[in-house]
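Colleague: I have a model open and want to learn how to read it. Can you walk me through the confidence and the contact?

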Amino acid sequence: MKTKIKNQNKQNKGASQWNIAWRRFKRNKTALTGAFIIGFVLFLAAFDTLIAPYEPNEIPAFYTGEARTPPSSKYLFGTDNIGHDVFSQVVYGARSALYVGFGAAGIAMAIATIVGLISGYYGGIVDNILMRVTEIFLVIPFLLILLVFLKVITAVAPSGVGGLSMVTLMIGLFSWSSNARIIRGEVLRVKQQEYVEAAKTLGASRIRIVFRHILPNVLHIIIVLTTLLIATSILVEAGVSFLGFGDPNAITWGQQLQKASEAVKQAWWEGIFPGLFITLLVLGFSLLGNGLRDALDPRLRE
Amino acid sequence: MGRYLVRRMLYLIPLFFGILIIVFAATRMAGDPVRLMTTLNPYITEEARNNLIRYYGLDQPLYVQFFIYLSQLFQGDLGNSYAIRGGLEVTTLIGYYIGPTILLQIASILLALVIAIPIGIYSAKRRYSKLDMTVTTTSLVGTCIPVFYMGIIAILIFGYFLGWFPAGGLITQVTETRGYFLGNQILDILWHMFIPTAVLTFAILAPIVLLVRSSMLEILKQDYILAARASGLSERAVVYKHALRNALIPVVTYIGIYFGGMLAGAPITETVFNWPGVGRLFVEATTKLDFPVIMGITVLITIMTLVANLITDLTYGYIDPRIRVE
């Protein structure tokens with residue numbers, strides 16, 4: 001009897017939730033464009049030392065008197081005032097952007113998921129307390145606090161402790177609140193479903209219900225939110241770096257824009273290219289997020 | 001309604017305190033502003049340093065500092081700056097800088113609303129038309145461009161290449177020889193406002209267009225719209241009288257939430273355009289670890305955000321009678 005059911009399950013696996021989603025995703029042109037853009041930047045980040053013609057700290061144009069020259073066949077994106085090759089700098093920036101994006105979104109979504117699951121499933125006073133804390137993080141002027149924390153941390157530990165990881169951690173710690181609320185709302189909806197009731201009646205433990213029955217059914221929301229949050233985190237990091245609160249030792253697009261903004265008039269190429277890549281990568285994640293939403297939401301299915 | 005308002009406001013108090021504690025903890029976590037202030041002075045003695053620390057009350061335990069700050073806050077006193085403009089009162093300092101910030105933000109939000117709502121409606125009515133595709137693509141890309149990048153490009157094009165508008169600042173300085181634009185102070189400010197307002201408007205515009213469009217599409221599928229059409233109302237009346245009102249609810253929420261966000265984003269926008277607002281003041285204060293100014297601006301922006309949220313809540317009931325304010 002048991003084996004028979006198992007076999008049946010195996011046969012039915014052909015059209016699982018994820019299979020249907022994948023099929024819909026493949027047909028979604030915007031999502032594929034997004035995936036392609038992200039793939040391109042991932043490629044840049046993975047092979048940056050091979051693609052970039054110069055080392056991160058190399059100043060080839062300095063010795064030849066070609067500092068701050070416009071794009072040419074020798075320097076694809078031109079050179080900056082010190083003599084860096086802007087193209088190489090942009091290539092090296094890809095890794096930082098992806099690191100911050102995935103890192104910060106990962107941290108924030110981990111918190112958001114845990115808070116959302118607990119708050120939505122347990123309800124009552126636990127929900128009440130968690131939601132009040134969430135509200136504080138929702139209303140708090142995010143960027144201002146971020147700047148203060150980053151400044152204070154670099155003031156305490158001038159070397160080492162700060163850095164790109166600290167920026168990533170801080171962005172993550174302050175950007176989970178709205179997503180926690182959305183996940184909670186979704187958990188509240190799923191909690192009412194018959195299959196959860198059935199699992200309860202069968203005597204499943206709370207942990208089992210939360211992780212085996214509720215989490216898989218809110219997972220599509222979590223995936224979409226994560227993708228969109230990666231885009232936001234990249235934007236936030238660029239903004240923080242632009243203000244000069246980022247990691248001075250890392251090569252980031254935001255920092256290149258900051259340096260460029262001091263001399264837009266003399267050298268437009270210094271800022272145009274890093275900014276273009278920020279926009280491109282953020283667009284990639286936004287497109288992918290929107291595409292995933294269409295593909296994964298069971299309610300949108302025809 | 002009155003009771004609801006009171007309850008809402010009571011509810012905001014713990015929220016406010018929570019935020020206050022976080023900001024306070026952040027500023028005092030490590031900072032020794034006195035050391036920062038005096039690093040450039042090689043002659044200062046350890047004793048003078050300690051005197052300064054005592055003068056600012058930084059030697060007290062943290063909770064004492066917090067209660068002193070609170071009691072002053074309730075008297076409307078935000079303390080004195082440590083490092084900006086010779087230790088000016090924070091309230092006076094904010095008074096100098098808040099005007100330009102409000103001017104720029106309000107102008108941009110209003111402009112964005114006026115432009116975005118008709119575009120969103122039009123786009124929704126002609127779904128999948130060429131124009132709709134252009135609008136949605138432009139808006140989507142618009143939400144992905146960092147505001148400061150947009151600003152740099154606008155400054156580059158309009159400020160330098162074309163030279164139509166000044167690249168930064170609020171007003172022509174006395175030191176500049178050319179004098180006010182057309183010799184008028186107000187015209188001069190408007191002239192300076194052009195690039196920042198245009199960029200900010202576009203940045204706010206993009207998400208609102210997408211929001212109005214999707215919300216309108218949702219509403220136009222509703223039964224009561226079908227009913228309105230069936231009863232022979234003109235398309236105009238259906239869209240503007242029946243659908244628009246409900247389609248605007250998400251927009252109200254958006255404005256409510258993002259009003260705070262936009263103010264908090266002021267450091268970035270104001271730095272790009274060299275705009276003398278609280279955002280740039282905040283950046284300056286943070287670099288100098290000027291705690292009273294940092295706290296003051298954060299408190300101000302938090303209060304403004306909370307008030308914006310409250311107004312949003314109250315507006316719901318007005319726009320959509322189905323949402324009862326209870």
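**Confidence first, then the contact**

Modeller: Among the elements of chain B, helix α2 (residues 33–38) of chain B has the lowest mean pLDDT, 71, and α13(B) has the highest, 90. pLDDT is the predictor's confidence in each residue, from 0 to 100. Helices (H or I, at least four residues) are DSSP runs, numbered from the N terminus. This is a predicted model: local features need pLDDT of at least 70, side-chain atom pairs count only at pLDDT 80 or more, and totals for chains, interfaces and linings use all residues. Residues are numbered from 1 along each chain as its sequence is written, and chains are lettered from A and ligands numbered from 1 in the order in which they are written.

Colleague: What is the mean pLDDT of chain B?

Modeller: It is 82, and 91% of the residues of chain B reach 70 or more. For the complex, the predictor gives an ipTM of 0.85 and a pTM of 0.87.

Colleague: How many residues does the contact take from each chain?

Modeller: Two residues are in contact if their C-beta atoms, placed from the backbone, lie within 7 Å. Here chain B gives 40 residues and chain A gives 33. On the side of chain B that touches chain A, the largest share, seven residues, comes from α1(B).

Colleague: Which residues meet between α14(A) and α6(B)?

Modeller: A:Thr279, A:Val282, A:Leu283 and A:Ser286 in α14(A) meet B:Leu140, B:Val141, B:Thr143 and B:Cys144 in α6(B).

How values were computed: Helix = DSSP H or I, 4+ residues; strand = E, 2+ residues; numbered from the N terminus.
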